[in-house]
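Work through the exercises below with the model open. Try each task before reading its solution.

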Amino acid sequence: MEPLDKLNRLTESHGEIRPGHGMVTGIIALSLGILCFLAVLAFHFPQYLTTPELRKSYDVEIMRKLLYTAMVVAGGLSLFNIVFGRARWLSSAGFLLVVLTAVLGGHKVDVDPNFPDHTPYIGLDWFILDLLGSSLIFIFIEKLFALRREQPVFRAEWQTDFHHFIVNHMVVGFVLLATNLMVHKLFGWAAKDGIQGWVQNLPFWGGLFLIILVADMVQYWTHRAYHEVPLLWRLHAVHHSVKSMDWMAGSRQHILELLITRTLVLAPIYVLGFSKDVIDAYIVIVGFQAVFNHANVSVRLGPLRYLIVTPNFHHWHHSQDDEAIDKNYAAHFAFLDHLFGTAVQSDREWPHQYGVVGDYVPNGFWKQFKFPFVWKG
């Protein structure tokens, strides 16, 4: 039971991991081992564990190569640590997961494409790909251009944000179904062929600018309402309770806020009828900005920061500093806050402290899920 106890203590801890003891490579091996095991399950049960929208874009052979590479890296790092006596308990867990993945067929699992559509599913594939891609890209960027260099990867309360990350990815099917239903029921009457035809005939870059502008106008006023309407603030306070800004911080979001915001932002996109290419490009941009603008990176972009939202701009929005309260609402275009008089005005480049003033939102996923319904503030 000692290795399990050590694993439990590791997942409950936070702080800097000292190099040279096998902990860094052991954590990488264990993380990859977990993702490999989840991936082979997705290969076996694609109808229940993968996202239909992503399935259509997959090249199965590329997915096989990714899984094989991850198994080799995780297995290699684990064996190296085991042989040289470095964090053996951690590396053994990673190696066991790689072996289990191989026993279940590994990258050679046959995928039967003939299964019924519209089966209930969880977005396990979206979780795996997003976690792998985001961690590889943004941890590297944060180390290269760190704003707060003393902040470790496993900073305080990282577990809470990771739980939000898991849930918000796993229920992607429910979120898509619910938001699509709400958009069609509430806003279907507004869709007109004439204006949709005009929007779809716009040049790609014109359509992309318009979709971001329209979405951000909705985002701005929705976001402002979350701050100014007490009932909505109960939901949004969960997002603002994060005390350390990094690539994982944006994941802390109540599921009801996620549903409301996505429904309202998707409504004009549906009504105006943007082309698939434009929507796909917008999804990439919004996905990147949502993570990047919370990241622990020292990026301001000079005069451009008055036009587009940067990490510096959004860090101020999460600040407890007096001049930052209820400011910087935009998600993409910073000029909206300057236009509506809600941009932060400060002599300092960066805020001092993050979180909710008074620190009254509890830590922990389930406590934060219940918070809007039980808070007596």
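The model is predicted. Keep that in mind throughout.

**Exercise 1. Place Thr179 and decide whether it is buried or exposed.**

Step 1. Find the element. Thr179 sits in helix α9, which covers residues 172-187.

Step 2. Check accessibility. The relative accessibility of Thr179 is 1%. The cut-off for buried is under 20%, so Thr179 counts as buried.

Step 3. Look for a polar partner. The Thr179 side chain reaches the backbone oxygen of Val175 at 2.7 Å.

Step 4. List the contacts beyond four places in sequence. Thr179 touches Leu259, Arg262, Thr263 and Leu266.

**Exercise 2. Describe the second largest pocket: what is its volume, and which helix gives the most to its lining?**

Step 1. Start with the volume. It is about 1600 Å³ for the second largest pocket.

Step 2. Locate the centre. The lining has 45 residues, and Ile27, Ile28, Ser31, Val153 and Phe154 are the closest to the centre.

Step 3. Assign the lining to helices. At least two lining residues come from each of α1 (2-12), α2 (23-44), α7 (124-144) and α8 (158-170). The most come from α2, with 10 residues.

Step 4. Sort the lining by class. It has 27 nonpolar, 11 polar and 7 charged residues.

**Exercise 3. Characterise Val153 and Ser13, and find what lies across from each.**

Step 1. Take Val153. It is in the loop between α7 and α8. Its relative accessible area is 33%, so Val153 is partly exposed.

Step 2. Go across the chain. Gly15 is 138 residues from Val153 along the sequence, yet their C-alpha atoms are separated by 7.7 Å. Beyond four places in sequence, Val153 is in contact with Ile139, Lys143 and Asp246.

Step 3. Take Ser13. This residue is in the loop between α1 and α2. Its relative accessibility is 32%, so Ser13 counts as partly exposed.

Step 4. Repeat the check. The C-alpha atoms of Ser13 and Arg155 are separated by 8.9 Å, with their positions 142 residues apart along the chain. Ser13 is in contact with Trp158 and Gln159, leaving aside neighbours within four places in sequence.

**Exercise 4. Which residues of the largest nonpolar core touch the most other members?**

Step 1. Recall the background. Nonpolar side chains in soluble globular proteins tend to be buried together.

Step 2. Read off the hubs. The largest nonpolar core has 30 residues, and Leu124, Phe127 and Ile128 touch the most other members.

Step 3. Trace the helices. α2, α5 (60-83), α7, α8 and α14 (276-292) each supply at least two residues of this core. The largest share, 8 residues, is from α2.

Step 4. Inspect one hub. Leu124 is in contact with Leu38, Ala42, Leu49 and Met170, apart from neighbours within four places in sequence.

Step 5. Look for another core. A second, separate one has 21 residues, including Ile212, Val214, Tyr282 and Tyr329.

**Exercise 5. Compare the backbone and setting of Glu157 and Leu301.**

Step 1. Note the expectation. Most residues other than glycine have a negative phi.

Step 2. Check Glu157. Its phi is positive, about 70°. Glu157 is in the loop between α7 and α8. With a relative accessible area of 16%, Glu157 is buried.

Step 3. Check Leu301. Its phi is also positive, near 65°. Leu301 lies in the loop between α14 and α15 (311-317). With a relative accessible area of 43%, Leu301 is partly exposed.

Definitions and conventions. Residues are numbered from 1 along each chain as its sequence is written. This is a predicted model: local features need pLDDT of at least 70, side-chain atom pairs count only at pLDDT 80 or more; totals for chains, interfaces and linings use all residues. Side-chain values use heavy atoms; hydrogens and water are left out. Helices (H or I, at least four residues) and strands (E, at least two) are DSSP runs, numbered from the N terminus. Buried means under 20% relative accessible area, exposed over 50%, partly exposed in between (1.4 Å probe, protein chains only). A polar contact is a pair of N or O atoms within 3.5 Å; within protein, one must be able to donate a hydrogen and the other to accept it, and residues adjacent in sequence count only if both atoms are side-chain atoms. Contact means heavy atoms within 4.5 Å. On a 1 Å grid over the protein atoms alone, a cavity is a set of points where a 1.4 Å probe fits but cannot get out, and a pocket is an open set with protein on both sides within 12 Å along at least five of seven lines; lining residues have an atom within 4 Å of a point. Grid points are joined across faces, edges and corners, and a volume is the space filled by probe spheres set on the points. Ala, Val, Leu, Ile, Met, Phe, Trp, Tyr, Cys and Pro count as nonpolar, Asp, Glu, Lys and Arg as charged, and the others, Gly among them, as polar. A nonpolar core is a set of buried Ala, Val, Leu, Ile, Met, Phe, Trp, Tyr and Cys residues joined through side-chain atoms within 4.5 Å.
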